[in-house]
Amino acid sequence: MRLVFVGECMVEIAPDGAAFRKGFAGDTFNMAWYARHLCPRDWSVDFVSAIGQDAISDELAGFMTAAGVGTRHVQRHADRTVGLYMISLKDGERSFSYWRSQSAARRMAEDGAKLEEAFDGADLVCLSGITLAVLEGAGRDTLAAALTKFRAAGGQVAFDPNIRPRLWATMDEMREVVMRFAGLSDIVLASFDDEAAHFGDGSPEDTLARYQAAGVTEVIVKNGADPILGALDGQSVTVAPAPVARVIDSTAAGDSFNAGYLVSALSGGTMAQNIAAGAQLSREVIQHAGALSPEAVAAQALETAT
Ligand SMILES: O=C(O)C(=O)C[C@H](O)[C@H](O)CO
C-alpha cells in the first residue's frame with residue numbers, strides 16, 4: 001500500500017510544564033506520522049508539501065525522514081520558510097495561535113505535474129480543509145484537477161474538512177470549497193462540533209446526510225467523547241468511544257483517529273473495526289501533550305497486543 005498525505009507541517013510550540021517544547025506538526029502530517037507508526041513496514045507513507053531551504057526547514061525534513069515519512073514530494077522554496085503555531089490549553093482543550101501567512105506550504109499546489117507525479121501509483125491520497133485553506137493562487141484548482149485524475153485511475157481520496165475559521169477569508173468561501181472537495185472524495189472524516197458550528201447541522205445524522213448528498217460513499221462523523229457515526233454504501237454503524245479520565249491535550253485527536261481508521265480500513269477492517277481503531281488511538285493521544293506522541297503509539301501497541 002502507498003499512502004500520500006497533502007498539507008502543511010509547521011514548527012509546534014507546545015506547553016510542557018511551566019515551559020514550552022518545540023516540535024513539528026500539522027494536521028495531515030500528524031495523520032501521516034500516526035499512519036506510519038501503525039501500518040505494516042512494507043507500506044509507504046509520503047508527504048506532499050513545500051518548505052524552505054533554511055536550517056529549520058532542513059530540521060523538519062530530517063524529522064520527517066527519521067519518522068519514516070517520505071519527503072520526495074516536499075518541494076523546497078528558497079524565498080520562504082515553514083509556518084509556526086503555538087498550543088494554548090484550558091482544561092485539556094486546545095486552541096492555536098498561528099504564524100503561517102507566508103509559509104512555503106502555501107505554494108505546494110502550484111505545479112499540477114508535480115502533484116500528479118506524487119499521486120501516481122498511490123492507493124490513498126488524504127487532505128484536509130486546512131490543506132485547502134492555506135493554498136495560494138490557483139492551488140485549489142490545480143489540486144482538484146490532480147485528484148480528479150488520480151480517482152479516474154482508480155485511487156481513493158480521503159478528506160477531513162478540519163475547519164479552522166481563522167484560515168479562511170470568509171465562511172461562505174470555506175463552505176463552498178469544503179463541499180467542492182467533499183465531492184471529489186471517497187471518504188470524508190468530519191467532526192460534528194465543526195460541522196454543527198459552520199454548516200448548521202442539528203445532529204451527526206445531518207452531517208452524514210449532507211456529505212452523502214455530495215456523493216461521498218464513506219462518511220465518518222467524529223463527535224468528541226460521544227458516539228461516532230459511520231456509513232458506507234448505505235449501511236451505518238455507531239461506535240461509542242471508551243471514556244477518558246483526564247484529557248491532557250486534545251491536539252491531534254481527530255488526526256490520530258483518521259490515521260487509525262484509514263490504516264484499519266486499508267487492511268480490510270469492517271467499518272466498526274476501523275472506527276474502534278481510530279477511537280482507541282485518539283484516546284491515547286489526548287492523554288499526552290502535543291500533536292505527536294510516541295508514548296501514545298506505544299500505549300496503543302500494548303493495548304492491541306493484550
Ligand atoms: O491547526 C492547524 O493548522 C494544525 O495543523 C495544527 C495542529 O497540529 C492540528 O490542527 C491538530 O489537528
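Select Arg-210 together with Phe-199 and Tyr-211, and look at the charged end of the arginine, which sits over the ring of Phe-199 at 3.8 Å from its centre. The charged end of Arg-210 also sits over the ring of Tyr-211, 4.6 Å from that ring's centre. A charge sits over a ring here if NZ of Lys or CZ of Arg is within 6 Å of the ring centre and within 35 degrees of the ring normal. The model is a predicted one, in which local features need pLDDT of at least 70 and side-chain atom pairs count only at pLDDT 80 or more, while totals for chains, interfaces and linings use all residues. Residues are numbered from 1 along each chain as its sequence is written, and side-chain values use heavy atoms, with hydrogens and water left out.

Widen the selection to helix H7 (residues 192-199) and helix H8 (residues 204-213), which pack at an angle of about 75° with their axes 10 Å apart. That angle makes H7 roughly perpendicular to H8, a term that covers 65 to 115 degrees. Axes are lines fitted to C-alpha atoms, for helices over the stretch in contact, and angles run from 0 to 180 degrees between N-to-C directions; helices (H or I, at least four residues) and strands (E, at least two) are DSSP runs, numbered from the N terminus. From H7, Phe-192, Glu-195 and Phe-199 make the contact, and from H8, Pro-204, Thr-207, Arg-210 and Tyr-211 do so, where contact means heavy atoms within 4.5 Å.

Next, move to the aromatic pairs, of which a search of the whole structure finds nine. Select Phe-24 and Phe-63, whose ring centres are 5.3 Å apart and whose planes lie at 45°, so the pair is tilted. Rings of Phe, Tyr and Trp (its six-membered ring) pair if their centres lie within 6.5 Å, and planes under 30 degrees apart count as stacked, over 60 as edge-to-face and the rest as tilted. This pair links distant parts of the chain, with Phe-24 in strand S3 (residues 19-25) and Phe-63 in helix H2 (residues 55-66), 39 residues apart. Phe-24 is buried, at a relative accessible area of 7%, whereas Phe-63 is partly exposed, at 28%; buried means under 20% relative accessible area, exposed over 50%, and partly exposed in between (1.4 Å probe, protein chains only). Add Phe-29 and Phe-47 to the selection, and you have the cluster that ring pairs form from Phe-24, Phe-29, Phe-47 and Phe-63.

Now go to the loop between strand S14 (235-239) and helix H9 (253-266), where Val-244 lies. Val-244 is partly exposed, with a relative accessible area of 24%, and, leaving aside its neighbours within four places in sequence, is in contact with Arg-283, Ile-286 and Gln-287. Ser-250 lies in the loop between S14 and H9 as well, and is buried at 11%. With neighbours within four places in sequence left aside, Ser-250 is in contact with Gly-92, Glu-93, Arg-94 and Ile-286.

Finish with two backbone positions. Most residues other than glycine have a negative phi. Ala-252, in the loop between S14 and H9, has a positive phi near 75° and counts as buried at 8% relative accessibility. Asp-233, in the loop between strand S13 (228-232) and S14, has a positive phi near 45° and counts as exposed at 61% relative accessibility.

Conventions:
Angles under 35 degrees count as roughly parallel, over 145 as roughly antiparallel, 65 to 115 as roughly perpendicular and the rest as oblique.
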